[in-house]
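Colleague: I am new to this structure. Please take one part of it and look closely, then work outward from there.

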Amino acid sequence: PLAQVVILGLIYAAVKFTGSAWGAMPEMVLAALAAFVFPASVAVLGRERNILVAIYPVAVARMIRGLGLMYFLVLLVIGAYAFGIGSSRTSRPDSLAIPVSPRRGRSRSGSGVRRAALTSAHRSGAPG
């Protein structure tokens, strides 16, 4: 995760430098390009475990080409999650919550009583 933060920091610095040197349009183009290639960079980093390989454009391009259509599906899923999280913050913040129901047919107190009975029977040598 630290290497990913370093890569994001480098991307941020490059985008900000581009904006200050050449204006808003090149800054937006670079930011869009970075958003497109960052997931591939994370995949390269996970595979190679080397930050220098993860920022090497040839390695990132090979990852994108190797994944093919699957890479665009990954980007689609990331975009869907980003859109879903963004829209849920404005409408219902609990819409991403996962409902959890209690176990059925077993109460905590019942299992504790049964366990205590088994433990005392085991200590006394009686068959359980």
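Modeller: Start with Lys16 and Glu27, which form a salt bridge. Their closest N and O atoms are 3.9 Å apart. The cut-off for such a pair is 4 Å, so this one counts. Side chains of opposite charge can pair when their charged atoms come close. Keep in mind that the model is predicted.

Where do the two partners sit? Lys16 lies in helix H1, residues 2-22, and Glu27 lies in helix H2. The pair therefore ties together parts that are eleven residues apart in sequence. Lys16 has a relative accessible area of 42%. That value falls between the limits of 20% and 50%, so Lys16 is partly exposed. A search of the whole structure finds one salt bridge.

Now follow helix H2. It covers residues 24-48 and packs with helix H4, residues 57-67. Their axes are 9 Å apart, and the angle is about 100°. Angles from 65 to 115 degrees count as roughly perpendicular, so H2 is roughly perpendicular to H4. Which residues meet there? On the H2 side they are Phe36, Val37, Ala40, Ser41, Ala43, Val44 and Arg47. On the H4 side they are Ala59, Val60, Met63 and Ile64.

Go on to the loop between H2 and H3, where Arg49 is found. Arg49 has a positive phi of about 55°, although it is not a glycine. Is Arg49 buried or exposed? Its relative accessible area is 75%, so Arg49 is exposed.

Next comes helix H3, residues 51-54, which holds Ala54. Ala54 has a relative accessible area of 1%, so it is buried. What does Ala54 touch, leaving aside its neighbours within four places in sequence? The list is Ile7, Ser41, Val44, Leu45 and Val60. Ser41 and Val44 also appear on the H2 side of the packing with H4. Val60 appears there on the H4 side. Ser41 is 13 residues from Ala54 in sequence. In space the two are 5.1 Å apart, C-alpha to C-alpha.

Move along to helix H5, residues 69-90, and to the surface. A nonpolar patch of about 750 Å² is found there, made by Leu67, Leu69, Met70, Phe72, Leu73, Val74, Leu76 and Ile78. Helix H5 gives the most to this patch, with seven residues. Met70 is one of the patch residues, and it is found in H5. Met70 has 47% relative accessibility, so it counts as partly exposed.

Last, the whole protein. It has six helices and zero strands. Read along the sequence, the pattern is α-α-α-α-α-α. Of its 128 residues, 16% count as buried, and Ala54 is one of the buried residues. The accessible surface comes to about 10,200 Å². Carbon and sulfur atoms account for 67% of that surface. What share of the contacts with a separation of 6 or more is made by residues 24 or more positions apart? Such residues account for 47% of those contacts.

Definitions and conventions. Residues numbered from 1 in each chain as written. Predicted model: local features only at pLDDT ≥ 70, side-chain atom pairs only at ≥ 80, totals over all residues. Heavy atoms only, no water. Patch = residues over 30% accessible without salt bridge, like charges linked within 9 Å, V, L, I, M, F, W, Y side chains within 5 Å. Areas by Shrake-Rupley, 256 points an atom, 1.4 Å probe, with all protein chains shown as cover. Salt bridge = Lys/Arg side-chain N within 4 Å of Asp/Glu carboxyl O. Helix = DSSP H or I, 4+ residues; strand = E, 2+ residues; numbered from the N terminus. Buried < 20%, exposed > 50% of the residue type's maximum accessible area, 1.4 Å probe, protein only. Axes fitted to C-alpha atoms, helices over the stretch in contact; angles between N-to-C directions. Parallel < 35°, antiparallel > 145°, perpendicular 65-115°, else oblique. Contact = heavy atoms within 4.5 Å.
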